[in-house]
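Let's take a walk through this one together, starting with the whole chain and then stopping at a few residues along the way. Have the structure open and turn it as you read.

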Amino acid sequence: MSREHTAILGTRGSRLALVQAEACAAALRDAGIGVEVSIIKTTSEHHPDTPLAVIDQRDVFTRQLDEALLSGEIDLAVHSLKDVPTELPEGISLSAVTRRHDPADVLVSDELYTLEDLPREAVVATSSLRRRAQLLHHRPDLEIVGIRGNVDTRVRKMREGAADAVVLARAGLERLGLDAPHTVIPTDVILPAVGQGALAVATRRDDLLGVSIRGALNHEPTERAVLAERAMLRTLEGGCRVPVGASSTTRGSVVLLTGLVISPDGALVYRGEAAGDEPEKVGNRLASDLLEQGAAVVLGEVREVRS
């Protein structure tokens, strides 16, 4: 099939990213849309050993894919939604949000530890400031260490002695079919990242291909839920590496949203809930409530440290 009849789907090159891209490509092909997958190397892959909190760039996982999209090198890009900044580059739209997998985090360890029965002063690995802060809030005795690499690499590093356990997204393990022993951390203990568990498909705003992609891939209940979460994050002026968590559900037309801002050491926690039938208003309202509680202080300190 020639290029003019084939949509070029851009993706990162990790095993998980490729599994996610191929799943979307298969669904698009089933809908009669020809797709070819193309790997684009992103900032995070150019700096594989640098902690994500140090790469103070909200589009660390998406910038090169955005550039390829705008230049016409690719026609669509598949992202883990949690990696997508709340402010998109001019000319790019999210045409579809896929059905969400379980957004919870999991604790991976060969001993099948739960967060409660981890040994005192155990070493837990995570690359996420959000996870680190919530872990310390519930277990201040733990030693939290940074870790980079794809899902398989993180599990391998943990087994080689880098940590007693590693925290990962359940959705990633499920998509990879990785048989790593783990226990699920309830979302009322550690709130997930905004958008965690869902995939987003980005296209050029003026490309009619987006309409066909939306028809084939979009899951409206998930889209409504994550619109509320992303509106909350946008109003908080946070990025994917600030200590903000969210969980949402839909009941008919109503979105129920829980959100959290937490200091990096886990000492200060601001948490709230909101509900309504207009997702972005729900998110904005909850963000305003969290800021009024005092969350602005935490977010300001995080930004000050990074600047």
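Start with what is tucked away: buried residues make up 55% of the 307 residues in the protein. Keep in mind that this is a predicted model. What you are looking at is a chain with nine helices and 13 strands. Its radius of gyration is 19 Å, close to the 19 Å that the globule rule gives for 307 residues, so the protein is as compact as a globular protein of that length. Lay the C-alpha trace along its principal axes and you get spans of about 60 × 45 × 40 Å.

How is the chain tied together? Count the contacts with a separation of 6 or more, and 69% of them come from residues 24 or more positions apart. On the outside, the accessible surface comes to about 13600 Å², and carbon and sulfur atoms hold 49% of that. As for charge, there are 35 positive and 45 negative side chains, yet the centres of the two sets lie 1 Å apart.

Now zoom in on helix H1, residues 15-30. Does its length look right or wrong? At 1.5 Å a residue, its 16 residues should span 22 Å, and the end C-alpha atoms are indeed 22 Å apart, so the two agree. The buried residues of H1 are Leu-16, Ala-17, Gln-20, Ala-21, Cys-24, Ala-25 and Leu-28. After H1 comes Gly-32, with a positive phi near 90°.

Next, hop over to helix H8 (residues 220-236), where you'll find Leu-236. Is Leu-236 buried or exposed? Its relative accessible area is 2%, and buried means under 20%, so Leu-236 counts as buried. Who keeps it company? Setting aside neighbours within four places in sequence, Leu-236 is in contact with Val-244, Val-261, Ala-287, Leu-290, Leu-291, Leu-299 and Arg-303. Glu-301 is 65 residues away from Leu-236 in sequence, while their C-alpha atoms are 13 Å apart in space.

Last stop: the loop between strand S5 (105-108) and strand S6 (123-125), home of Leu-112. Leu-112 isn't a glycine, but its phi is positive, near 55°. With 45% relative accessibility, Leu-112 counts as partly exposed. Glu-121 sits in the loop between S5 and S6 too, and its phi is also positive, near 65°, again in a residue other than glycine. At a relative accessible area of 56%, Glu-121 is over the 50% cut-off, so it is exposed.

Technical notes
Residues are numbered from 1 along each chain as its sequence is written. This is a predicted model: local features need pLDDT of at least 70, side-chain atom pairs count only at pLDDT 80 or more; totals for chains, interfaces and linings use all residues. Side-chain values use heavy atoms; hydrogens and water are left out. Helices (H or I, at least four residues) and strands (E, at least two) are DSSP runs, numbered from the N terminus. The radius of gyration is taken over C-alpha atoms; the globule rule is 2.2 Å times the number of residues to the power 0.38. Buried means under 20% relative accessible area, exposed over 50%, partly exposed in between (1.4 Å probe, protein chains only). Contact means heavy atoms within 4.5 Å. Accessible areas come from the Shrake-Rupley method with a 1.4 Å probe; for residues, only the protein chains shown count as cover. Lys and Arg count as positive and Asp and Glu as negative; His and the chain ends are not counted. The place of a charge is taken as NZ of Lys, CZ of Arg, CG of Asp or CD of Glu. The expected span of a helix is 1.5 Å times one less than its number of residues.
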